[in-house]
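User: Hi! I have a structure open and I'm new to this. Could you walk me through it?

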Amino acid sequence: MVIIQRVVLNSRPGKNGVPVAENFRMEEVTCPDIITEGQVKVRTLYLSVDPYMRSRMNEDTGRDYFIPWQLSEVVDGGGIGVVDYSKYANLSTGDIVGFFNWPWQTKAILDGKLLQKLDPQLVDGHLSHFLGAAGITGLTSLLGIKDKGHVIPGANQTMVVSGAAGACGSLAGQIGRLEGCSRVVGICGTDEKCSIFVSEMGFDAAINYKKENVSEQLHKLCPTGVDVYFDNVGGDISDAVVSQMNSNSHIILCGQISQYNKDVPFPPPLPPAVEEIRKARNITRERFLVLNYMDKQAASILQLCHWIKEGKLKVGTESIHFSYRWGKSIVILNK
Ligand SMILES: NC(=O)c1ccc[n+]([C@@H]2O[C@H](COP(=O)([O-])OP(=O)(O)OC[C@H]3O[C@@H](n4cnc5c(N)ncnc54)[C@H](OP(=O)(O)O)[C@@H]3O)[C@@H](O)[C@H]2O)c1
């Protein structure tokens, strides 16, 4: 038996509560040495920290595609690790593997057939990219834009991205440009992030929603209106953007992060006055869930890796314990 560390759900914040560190607890448990046929023993390398996890802290996630975390049980999410020992024919010691329900523990015994074998060469050895730009995050940005954005190269379209400093948002703005938008404007919460968008990621302009009047700034920075809106946050910011969208334009309904500490349905309806604008201008706002596009996963990952290698897609700084400038939030273990 070996001693491992793991993170369990200690308490629930309540549907309308703000999560605190005390909602989680670290503990040490033993992990058996012996594994059975079909199993692999893995060492955890990276764990993804994502907004959807807020709903898993509730007794009922309100979504049919996520199950709640249970009290005093280990929490799980996207993760990457290395195989220490395998009794599954398709995996060997040293293989790098990923799983959408990776337990937050330093080592684990997992069912080999659930794991996805990953090729480190695809990301030049930057394995954490498989949780970010070359994983679900990158797929969300790319497939959301491709399927719901209706971007037409050469059509002089303006894209606005909210939550632009986040994992999906920082990629979405760059991909919007690569797919053919002629102007990309990001919305985020600090001047530092605003300046990074413009100087490092090729956004044309950025708005600090904590300091500036979003409607006024949009009016100034999007002189021909908004054609594509990649919405990560919902709430007041989205109401301001939708009000400045053009006729027959498109919202990519990626997420509604400003609403996740509230007991509201997903997606939350727009306020009546904004909904009226949306309808009058024939603005589409269809649900988008990346998990429904897994048939496009392999080709899209290749495209994303290609862009990263070419330097066309800048990937955010990764760091530990939620203190990041922009990009993906990842916990690093066993390194
Ligand atoms: N549809 C899908 O299939 C799918 C898949 C993956 C993710 N998502 C969704 O995509 C969204 C973004 O995910 P992510 O992984 O990119 O998240 P993330 O890396 O945690 O970034 C989220 C960003 O949102 C901003 N933010 C946080 N609270 C906010 C608020 N109250 N108002 C305005 N901005 C706020 C933060 O930036 P500032 O500090 O600058 O405000 C942060 O950079 C989430 O809503 C998530 O649920 C959807």
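**A helix in the open, and onward**

Analyst: Happy to! Let's start with helix H7: of its nine residues, the number buried is zero, so H7 lies largely in the open. Keep in mind as we go that this is a predicted model.

User: Okay, and what comes after H7?

Analyst: Asn282 follows H7, and its phi is positive, near 55 degrees.

User: Which residues of helix H6 are buried, then?

Analyst: Helix H6 covers residues 235–242, and its buried residues are Ile237, Ser238, Ala240, Val241 and Val242.

User: What do those buried residues pack against?

Analyst: Quite a list! The buried residues of H6 pack against S8, strand S9 (183–188), helix H5 (214–221), strand S11 (226–231), S12 and H7. So H7 turns up again here, as one of the partners of H6.

User: Let's zoom out. How is the chain divided?

Analyst: There is a domain 1, covering 2–118, and a domain 2, covering 136–290. Their C-alpha centres are 32 Å apart. Where they touch, domain 1 contributes 11 residues and domain 2 contributes 10 residues. On the domain 1 side of that contact you'll find three nonpolar, five polar and three charged residues.

User: Does a database record say anything about these regions, and what does it list?

Analyst: UniProt, in an unreviewed entry, lists "domain: Oxidoreductase N-terminal" at residues 6–117. In the model, that span is 4% helix and 43% strand, with its end C-alpha atoms 23 Å apart. The unreviewed UniProt entry also places "domain: Alcohol dehydrogenase-like C-terminal" at residues 169–264. That stretch is 39% helix and 26% strand, and its end C-alpha atoms are 23 Å apart.

User: Cool. Now the ligand: which residues come nearest?

Analyst: There are 28 residues around the ligand, and the nearest are Gly163, Gly166, Gly189, Gly255 and Ser258. By class, the shell has 14 nonpolar, 12 polar and two charged residues.

User: And where do the shell residues come from?

Analyst: From both domains: domain 1 and domain 2 each give at least three residues to the shell around the ligand. Two helices to look for are H2 (136–149) and H3 (167–179), each of which supplies at least two residues of the shell.

User: Switching topic. What sort of peptide bond joins Phe266 to Pro267?

Analyst: A cis one, with omega near -10 degrees. Pro267 sits in the loop between strand S12 (245–253) and helix H7 (272–280), so you can find it by walking back from the helix we began with.

User: You mentioned a positive phi. Which other residues have one?

Analyst: Asp124 and His150 are two to look at. Asp124 has a positive phi of about 50 degrees although it is not a glycine. It is in the loop between strand S7 (116–118) and H2. His150 is not a glycine either, and its phi is near 50 degrees. You'll find His150 in the loop between H2 and strand S8 (158–162).

User: Why does Asp124 count as exposed?

Analyst: Because Asp124 has 11 C-beta neighbours inside 10 Å, and exposed means 12 or fewer. His150 has 16 other C-beta atoms within 10 Å, so His150 is partly exposed.

User: Okay, what about Ala108: buried or exposed?

Analyst: Buried, because Ala108 has 21 other C-beta atoms within 10 Å, and 20 or more is enough. Ala108 is in strand S6, residues 107–111. Leaving aside neighbours within four places in sequence, Ala108 is in contact with Val42, Thr44 and Pro103. The C-alpha atoms of Ala108 and Lys41 are 5.8 Å apart, although 67 residues separate them along the chain.

User: Last thing: how sure is the predictor, and where does pLDDT stay under 50?

Analyst: The mean pLDDT of the chain is 93, and 95% of its residues reach 70 or more. Residues 321–325 are where pLDDT stays under 50, and the model has 10 contacts beyond four places in sequence for them. Where pLDDT is low, the predicted coordinates should not be read in detail.

How values were computed
Residues numbered from 1 in each chain as written. Predicted model: local features only at pLDDT ≥ 70, side-chain atom pairs only at ≥ 80, totals over all residues. Domains from an automatic or database assignment. Contact = placed C-beta atoms within 7 Å. Nonpolar A, V, L, I, M, F, W, Y, C, P; charged D, E, K, R; others polar. Near = placed C-beta within 6 Å. UniProt positions renumbered as here; feature names shortened; annotations may be inferred. pLDDT = per-residue confidence, 0-100.
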